[in-house]
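Here is a friendly walk through one protein chain, written for someone who would rather look at residues than at tables of coordinates. Please keep the 3D view open as you read.

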Amino acid sequence: MYTILTKQNTGDAEAMSRFINTHPNGHFLQSPQWAQVKRQWDWRGVVVRGDDGRILGAASLLIRRLPLGLSLIYAPRGPICDRDDPAVLRELLDGIRQAARECRAPLLLLDPDAPADDDSFRAALTAEGFMEKYSAGLDNIQAQHVFRLDLSGRTEAEVFAAFPSKTRYNIRLAQRRGVTIRQYRGDRPIPAAELSAFSRLMEITGERDRFLTRDRSYFQDVLSSMGENAVLYLAYLNGKPIAGTIEVFYGHKAWYLYGASSNEHRAAMPNYLLQWEMIRRALRLGCSFYDLRGVPQAPREDDPLYGLYRFKKGFGGEKRDFTGLFIKKYRPLTGVAMLAAMRLYRRLKLHKLKAPSLPLREEPAAVIPKKLPLAG
């Protein structure tokens, strides 16, 4: 049987958080802590318990309130359960459907952290009326293709030695040129100047690489909401911040969340040293993997995103492919109209930037992808 949690009635939220944190399929985007980052969204939690009271499945739902009293529900990297247990999955989807009724949501979006070759899970969602949207690039809300570096049972020396020679060279080059890294944990006061420096670096990177960026308060919310599980890294040269990243830890896993750099001193290779410091911290915390997040499926060398692909591949991770974005229209006609309105809204936002040389995108991903199926 499922129960539904709200911001006002958080009953099982602590137990839900523990379940997601310890489940093999758990993801930080499904944590109640991440829901606190999305202050402009409402929240619901769906929890399924067995006869013995144990939690068997959970889903953290972000709810965007829209005009005319309607809502959009999005379950980032959810739901969390044994994907081979159809009864639990069905109960979770029933709970999500009830939450959708209560919030007047004609539409549900979810993008599970499920391997692309999990055909039985895909079939289970299709049988429940979901459509899947595939992307070979970075168009979906969460990337379908990532590089993950396996850290289980490995030492720093072993991981470093396994990097390609060019990666090892660039890390050492940054050290020789005097690049230093400072770390700022989210559960401790972060100097305002450092947070502002990172926000400015993100703006510079967005202008250079043609993606929309968040403001300073958003990064503050990420760090404070995730607490000790989020770390801001800044790379300095001669005392000046020249690059920065944010890393998130959850359930003995680590993710590279945001990265930025100035237009100056790029030849000092600060981004390589930042990645190495993030990997080192993940190793010290006993993480099973380090996720470098989204890359295109298989870009050609003339692809504008090939440099991003090559950079992330250079840390020796294995490329992982996930199932796509699943879309469920509870009210088909309204859902179609809502998708069309959201695509228009996103195009208007992107139009604020000048004509790009790279595909326009939001970082880490847009709330609504620029292409969604309208039929079905």
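The report below goes through the cores, then one helix, then a set of paired strands.

**Two nonpolar cores**

Keep in mind that this is a predicted model. Its largest nonpolar core has 53 residues. Those with the most contacts inside that core are Phe-28, Trp-34, Phe-198, Leu-232 and Ile-246. Phe-198 is a handy place to begin: leaving aside neighbours within four places in sequence, Phe-198 is in contact with Phe-219, Leu-232, Leu-234, Gly-244, Thr-245, Ile-246, Tyr-258 and Ala-260. Apart from the largest core lies another one, of 34 residues, which includes Leu-149, Phe-163, Leu-274 and Val-295. As a general background, nonpolar side chains tend to be buried together in soluble globular proteins.

**Helix H6 and its two faces**

Now turn to helix H6, residues 165-176. Its twelve residues reach 16 Å from the first C-alpha to the last, close to the 16 Å expected at 1.5 Å a residue. Which residues of H6 are buried? They are Thr-167, Asn-170, Ile-171, Leu-173 and Ala-174. These residues lie on the same side of H6 because they cover an arc of only 160° around the axis. In general, an α-helix has 3.6 residues a turn, so residues three or four places apart point the same way.

The cover over the buried residues of H6 includes helix H5 (156-162) and helix H9 (270-284). On the face turned away from the buried side you will find the exposed residues Ser-165 and Arg-176. Just after H6, Gly-178 takes a positive phi of about 90°.

**Strand S13 and its partners**

Strand S13 (residues 254-261) is mostly covered, with eight of its eight residues buried. Its two pairings are set out here.

| Strand paired with S13 | Sense | Bridges | Opposite residues |
|---|---|---|---|
| S12 (residues 240-249) | antiparallel | seven bridges | Phe-249 and Ala-254 |
| S14 (residues 289-294) | parallel | two bridges | Ala-254 and Tyr-290 |

Ala-254 is worth finding on screen: this residue of S13 stands opposite Phe-249 and also opposite Tyr-290 in S14. The chain crosses from S13 through H9 to S14, and this β-α-β crossover is right-handed. Helix H9 is also part of what covers the buried residues of H6.

Where does a positive phi occur in the hairpin of S12 and S13? The hairpin has four residues between its strands, and Gly-251 takes a positive phi near 60°.

Terms used: Residues numbered from 1 in each chain as written. Predicted model: local features only at pLDDT ≥ 70, side-chain atom pairs only at ≥ 80, totals over all residues. Heavy atoms only, no water. Core = buried A, V, L, I, M, F, W, Y, C linked by side-chain atoms within 4.5 Å. Buried < 20%, exposed > 50% of the residue type's maximum accessible area, 1.4 Å probe, protein only. Contact = heavy atoms within 4.5 Å. Expected span 1.5 Å × (residues − 1). Arc of directions from axis to C-beta. Pairing = 2+ DSSP bridges. Right-handed = clockwise from strand over helix to strand, strands pointing away.
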